[in-house]
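Q: Please take a close look at the sheets of one chain and describe how their strands are ordered and paired. Then place that chain in its wider setting.

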Amino acid sequence: MNNPGLAFVSDVFEDYHNKTILMKLPSYHTISIRNLNVYIENQHILQDINLTIPEKSITCIIGPSGCGKSTLLRTLNRMHDDTPEVKINGQVIVDDEDIYGVNVNVIDVRKKMGLLAQRPCPLPMSIFDNVAYGPRIHGLKKRKAINQTVIQYLQYVGLWDEVRGRVRNSASKLSIGQQQRLCLARGLAIEPEYILGDEATSALDPISTKKIEEMFVKLKEQYTIILVTHTLRQAKRIADYIVFMYLGKIIESGSTEEFFNNPKKQLTRDYLSGSFS
Amino acid sequence: MINTKRQEEIFFKILMIISICVIMSILLFIIGTVLYKGLPALDWDMVSKLPGGGFYLGKEGGVLNAIIGSLYLISGSVVISLTLSVPLVLFINFYLPKKSVFASIIRFSFDILFGVPSIVYGAFGFALMIFLGMRASLLGGIIAVALLIMPIMVRSFDEVTRLLPRDLPDALLSLGATKYEMSKVILRQLMPGLVTAILLAVGRGIGDAATVLFTAGYTDNLPNALNHPAATLPLSIFFQLGSPVEEVQNRAYASAVILTVIILILSFSARYFSSKYSKNKI
């Protein structure tokens with residue numbers, strides 16, 4: 001079952017609704033969302049979301065503003081925990097475990113998910129400490145190991161050569177594109193299995209955007225990546241799978257090629273043609 | 001149309017300049033009076049000697065006891081109110097949900113406490129001391145002043161904390177930090193705001209006479225124990241100003257100069273250390 005396309009979304013959730021036997025999914029490193037409903041102050045923000053995210057690929061969630069993309073993404077690493085107005089029903093199964101289950105430690109859930117936010121937010125410390133922060137709070141103590149981790153991930157995001165002599169300087173002195181790569185390195189340093197990107201390039205200039213996009217393509221060899229994006233072109237460039245949402249519902253989902261070349265729903269065609277955005 | 005816009009602009013600009021001038025001249029007038037009357041009376045004896053004539057009323061000696069007493073008192077109360085305020089502010093901002101009613105109640109009650117006159121804190125401290133069987137002492141003064149400055153510290157620190165962009169706590173939580181680990185990093189970011197809160201609190205606490213009148217008491221000696229009375233600068237000003245002798249009155253202004261200089265030194269050094277400490281601030 002290594003071909004993730006096989007297990008993709010629409011087939012699976014139609015089966016689910018028909019109450020037929022659920023297709024056995026490649027269980028490792030996938031996220032499957034079942035009957036997810038999210039309410040914020042009695043508004044039904046996400047309605048009956050059923051979705052399986054294939055492993056080691058890039059899945060882009062697209063849709064107009066306010067359609068619930070970001071809410072869905074934040075549901076995946078339980079960032080709604082501190083807002084009691086948000087009520088969540090349904091299951092989000094990550095690596096065979098419902099992350100909203102009773103005995104789940106939220107720290108473990110978040111450790112599995114590296115989140116890249118819209119605007120880079122470096123921690124108020126040096127470049128080095130930014131990357132070292134995650135490993136440190138998760139118990140890495142040896143100096144040598146920390147040094148190694150920091151250098152490794154800074155190299156991975158292509159920042160090492162740029163900041164080599166000044167890793168002890170403040171992270172806020174970096175350019176915004178560099179900051180976003182630093183945030184990526186910081187997220188990767190906690191050794192997640194998934195990478196979530198919430199419009200991770202929308203604050204960046206075209207060159208930095210390109211760098212981050214290239215990074216995602218490289219990262220999908222090892223990670224399962226879920227991106228929320230506002231730009232269709234970006235989704236077209238890097239996504240393997242597309243999920244199109246509108247007003248809290250999944251309208252259509254499928255492989256990028258099929259989605260763009262042969263959309264099935266009228267709403268999707270309208271969105272792709274730019275009648276609304 | 002264009003003309004009215006320009007007139008509007010000019011009018012408000014003049015209004016702003018006038019208000020700056022009024023405020024600055026009042027401030028300069030106060031400082032000027034204090035310096036004019038205080039500087040001639042200020043000599044090295046003032047800051048290095050104990051009072052000569054009993055309860056500051058003599059013309060000899062100095063106010064060393066009050067300087068030391070005020071410094072002890074304010075450091076003690078800052079320590080107490082800091083250890084209580086910082087956890088409280090972090091709790092209502094990051095542990096309680098954003099629209100928490102409980103947090104609003106806490107904020108509201110501190111707003112009320114903020115407006116309570118200092119003599120009431122003094123009276124409350126005094127009542128508390130009688131209940132506990134304590135005499136007027138440094139400890140009593142520290143507790144009363146800590147109560148006085150706590151609302152200032154809480155509300156001003158709370159205001160800067162609320163302005164913190166949600167990105168930072170979110171970034172920390174998404175890295176798998178616990179709330180406690182998150183708070184430690186946030187505190188670094190908020191350090192300049194915390195320093196401002198402390199300075200505001202120190203400014204109010206060190207200059208207040210009514211709180212310490214019954215609680216810390218007054219003495220001609222250096223404060224040497226927590227359960228002994230301690231002299232303070234505001235009270236020394238108060239007593240000296242009440243004297244009919246002009247020379248003693250001028251010594252009150254000299255004491256005021258000393259108090260102002262102490263606040264100035266504290267605030268400059270606090271700013272210096274906070275900017276040094278928060279060089280990584282985002």
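A: Among the contacts in chain A with a separation of 6 or more, 68% are between residues 24 or more positions apart. The model is predicted. Chain A holds 11 helices and 10 strands, and 46% of its 277 residues count as buried.

One of the sheets in chain A is an open sheet of 6 strands, in the order E6-E7-E8-E3-E9-E10, and its pairing is mixed. Its edges are formed by strand E6 (113-116) and strand E10 (249-255) of chain A, each of which pairs on one side only. From one strand to the next, the twist averages 15°. At the E6 edge, E6(A) runs parallel to strand E7 (residues 194-198) of chain A, and 4 bridges join the two. Within this part of the sheet, A:Met113 stands opposite A:Tyr194 in E7(A).

Another open sheet of chain A has 4 strands, ordered E2-E1-E4-E5, with antiparallel pairing. Strand E2 (43-53) and strand E5 (97-98) of chain A each have a single partner strand, so one side of each is left without a neighbour in the sheet. Inside the order, strand E1 (residues 31-40) of chain A and strand E4 (residues 86-94) of chain A run antiparallel and are joined by 8 bridges. One facing pair there is A:Tyr39 and A:Lys87, the latter in E4(A).

As for the wider setting, chain A meets chain B through 26 residues of chain A, which are in contact with 20 residues of chain B. On the chain B side, helix H7 (167-174) and helix H8 (179-189) each supply at least two residues. H7(B) gives the largest share of that side, with 6 residues. By class, the side of chain B that touches chain A consists of 8 nonpolar, 5 polar and 7 charged residues.

Chain B itself is assigned two parts: domain 1 (2-41) and domain 2 (44-277). The C-alpha centres of domain 1 and domain 2 of chain B are 29 Å apart. Where these domains of chain B meet, 7 residues of domain 1 are in contact with 7 residues of domain 2. The side of domain 1 of chain B that touches domain 2 of chain B has 5 nonpolar residues, 1 polar and 1 charged.

Note on methods. Residues numbered from 1 in each chain as written. Chains lettered and ligands numbered in written order. Predicted model: local features only at pLDDT ≥ 70, side-chain atom pairs only at ≥ 80, totals over all residues. Pairing = 2+ DSSP bridges. Contact = placed C-beta atoms within 7 Å. Nonpolar A, V, L, I, M, F, W, Y, C, P; charged D, E, K, R; others polar. Domains from an automatic or database assignment. Buried ≥ 20, exposed ≤ 12 C-beta atoms within 10 Å, placed from the backbone. Axes fitted to C-alpha atoms, helices over the stretch in contact; angles between N-to-C directions.
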